[in-house]
Amino acid sequence: MSYFLDMLLGRLDWDALPFWKMLQEPTTFNIINGTIVTGAASMVVLGGLALVALITWFGKWRVLWSDWLTSVDHKKIGIMFIVVAFVMLARAIIEAVFMRAQQSVGLGGGFLSAEHFGEFFSTHGTIMIFFMAMPFLTGVINYIMPLQIGARDLSFPVMNSISLALTAAGAVLVMVSLVLTPFSTGGWSGYPPFTESPYSPGAGVDYWIWAVTLSTLSSTMTGINFAVTIYKKRAPGMHLMRMPLFCWTALTTAILMIFGMPPLTVATALLALDRYLDFHFFTTDLGGNMMNYVNLFWAFGHPEVYILILPAFGVFSEIFSTFSGKRIYGYKTLVIATISIAALSFTVWLHHFFTMGQDASINAVFGIATMLIGIPTGVKIYDWMLTMYRGRVRLTIPMVYAIGFIMLFVIGGLTGIILANPSIDYQVHNTLFLVAHFHNMLVPGMLFGMLAGYNYWFPKAFGYRLNERWGYRAAYSWIIGFILAFFPLYALGLLGMPRRTVAFLEPAYLPWTIVAGIGALVVLFALFSLIMQLGVSIRRRVTYAVPIGDPWDGFSLEWSTSSPPPEYNFPVIPQIASRDPFRSEKDSGQAYQRPEEYGNIEMPANSALGPVLAVVSFLMTFGLVWYMWWLVIGSGLMGLAALVGRSFVRRTTRIISADEVRRTHESWLDQVARAKAITRADERDTTNQGLAASPVEGAVQ
Amino acid sequence: MTPTTNRHPGINLGDMHEEASDACESLVFGFWVFMMSDLIIFALLFATYVVMLGGTAGGPGPHELYEMKSAFLETMLLLASSFTFGMASLALKYDRTKGQLLGWLVITLLLGLAFIGLELRDFHLMASKDGVPSRSGFLSAFYALVSLHGLHVTGACLWMLVLFGQMAVHGLDTGVKTGLLRLGILWHFLDIVWIGIFSVVYLGGLV
């Protein structure tokens, strides 16, 4: 019997339950920590149950399955990626608040155990990078890029669905680690030898390995998909140098994913070989070499930084141009800068470990290479400012994020130049100065960019604008909260406080950690505002409706179709004759035209392969974490069978008849004819139905 | 697209295969991109091998373990299989008889399987001389790189079997044609990686 149970459950035991330790040794300290974990675990379980109950109550299982989970529509997959990102964002922010709270009272103790604090910073980093930032930018690119280049879908729609499946499975794995604990305490970078079995024998590091591996495989496929789509599926006339800048950043990000993700796949795979099969890649004995891990990890890690930031740069380029009412300044230089950043990103990985023993001259080379990245980035900043210069700037929510981004990002960039100097890096490495620096790049850069894009493109995806009151509250509290939470960390870093410290004995740190704690609360309010914004907007969706699809008087193709766009995006594939094609169409009175004839449209048919692989890859990695070998083998065979089975399917597309396309398009054109065009000054008013009065038609702006 | 231009690198089916030729444009290009990504994985494992070459930790090293005769034979098998796959691709492109296509593919498959068999025999012999991955960093790097290549060859053989199955069900349709074209790229890619393994792992290890 016990033999059978061992086979069944592997190494899963009672002490994986979050409250087990608290029951075994009920000290006050254990009870506090146990309660926090148990609370989190019950939120996961109750949240999951509530979701199932709600879907059942509203009878939405069929809709969920056939309209969403099996859909291979790039727009729906994009939305699902962003849903994953928001859920994980909420969790990771709450974790950040706990860490800041701990350090606010951390003088000589605090309430969190070191172990627990380690899990907090490991999950926070892992989630923010792999399950918030990556799905967020993947989702936004997924939704917008095909619309901007005039395509009907990505090149490989089913592979897109598989990418989503793997990311979702990884996210679920991280969530499950709250219920069946522990997670890794090795940080988001998982450096060995600490993460090797002699030092971290439990399931924690294995959760981390497999969650990250799923994410890297997903992103590699996403990168291939995006790059091939941009190379092969642009509408006629959409030359590369006519693409919107967001597509340029999508292309460079995709290329970085193709070449930057494999190093992490290799690093985590080799670490897994060490842990599971007793290999000796990074062990302290028998010829292992942990420096190899560090090199592999950052050969991924540095391109990754630009994978995260470049799409945000693309979003900001669109936003500065739209809300200044001007074409983007210096298009060509922005393209060149984007490509330069992408190329340079492969030449600087060593600056992540200046202090780990290489020659001074090697450090110097990488220090200089690092500083070089400041040049193309500076070019971008100036181009954006010059886009605003003499434009009629409208301070909409995306613009608040964008202006906050420019000011804060420049400060973060300057601290990066400081860190790029190896001799200074020796002083501040592994202190909170570094933590302040990379949050200063990623929060105003990546996150503000994505939130700005969310506010900017939400009306496109759902057909109604987002509530402004809560939107501004969110934007301003993000900016203020960020400043309060992270600027003190620069000071703490210079005072010598190491990163990832649970408690400290230096009273001089305390005022700064308290300010940072207050900042975290402001960020928590920002999260609350985002939730409120979405809730209020859904309730008032009729008032905020913009079905015509062009609420901000946009420049690029995505604004030329209805909101939300039909599954096939465009009734006929547009012919492109200029950069900013929709602007030219509107200016010459060519927008909203009836095409001469409609044709049948062939679209990819739904496929269950994605959801099947989501379940299979979750079960397989879960089995690997807990040594349930029957589950690993069983789900592996199931996944293989699903893939082989799919390869025999020949009817992978379905036809939407010309008649249906015509009917849909004509009813939308009727709506356009009935709608009242509004000037930019009224775009935030409820009279905005998504039809913009063009300045050349004499509208006063 | 004029009829004479190539739609993607490598052997093109050409316009007499109309639908398949259209489908190839994105599929084969996408597969090339995937190969680039996969090449990064191999490149990093090569680098890891070179870094760890000295990490024998007192265990057996290349001189005690490598069987050049066998490695050479494996190289010949793979090179021959690349040639036969090339013949299969030509048979596909020029619409030769299905028998010719299948014949060349089956020979390729057999050569691939023989390669895997020989490689497993190598591993077995090495293990009998204490050359197992848990012995040292050097052996870990060797096994990770060489067996990843072996796994790729196994996967490619499996893929070929699946394509045989598709051929039996659907005949030589667009799906099978584009599949064969992509499998061909993978097959030649693995051949090139093996040349790297033979030169860097075996010859380089013995220098």
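## Exercises on a two-chain model

L180(B) is buried, with 25 other C-beta atoms within 10 Å, where buried means 20 or more such atoms, exposed 12 or fewer and partly exposed in between, with C-beta atoms placed from the backbone. This is a predicted model, in which local features need pLDDT of at least 70 and side-chain atom pairs count only at pLDDT 80 or more, while totals for chains, interfaces and linings use all residues. Residues are numbered from 1 along each chain as its sequence is written, and chains are lettered from A and ligands numbered from 1 in the order in which they are written.

**Exercise 1.** Place L180(B) in its helix and find its contacts, leaving aside neighbours within four places in sequence.

*Solution.* Begin with the element: L180(B) belongs to helix α6 (residues 174-206) of chain B, helices being DSSP runs of H or I with at least four residues, numbered from the N terminus. Then turn to the contacts, which require C-beta atoms, placed from the backbone, within 7 Å; with those neighbours set aside, L180(B) is in contact with L92(B) and L163(B). Finally, D191(B) lies 11 residues from L180(B) in sequence and 16 Å from it in space, C-alpha to C-alpha.

**Exercise 2.** Describe how α8(A) and α1(B) cross, and which residues meet there.

*Solution.* The axes of helix α8 (residues 204-232) of chain A and helix α1 (residues 18-52) of chain B come within 10 Å and cross at roughly 135°, an axis being a line fitted to C-alpha atoms over the stretch in contact, with angles from 0 to 180 degrees between N-to-C directions. That angle makes α8(A) oblique to α1(B), because under 35 degrees counts as roughly parallel, over 145 as roughly antiparallel, 65 to 115 as roughly perpendicular and the rest as oblique. On the side of α8(A), the residues that meet α1(B) are T220(A), I224(A), A227(A), V228(A) and K232(A); among those they meet in α1(B) are F29(B), V33(B) and F34(B). By class, this contact has 6 nonpolar, 4 polar and 2 charged residues, with Ala, Val, Leu, Ile, Met, Phe, Trp, Tyr, Cys and Pro counted as nonpolar, Asp, Glu, Lys and Arg as charged, and the others, Gly among them, as polar.

**Exercise 3.** Work out which elements of chain B supply its side of the contact with chain A.

*Solution.* In total, 30 residues of chain B are in contact with 30 residues of chain A. The elements giving two or more residues to the chain B side are α1 and α5 (137-170) of chain B, and the largest share, 15 residues, comes from α1(B).

Key. Contact = placed C-beta atoms within 7 Å.
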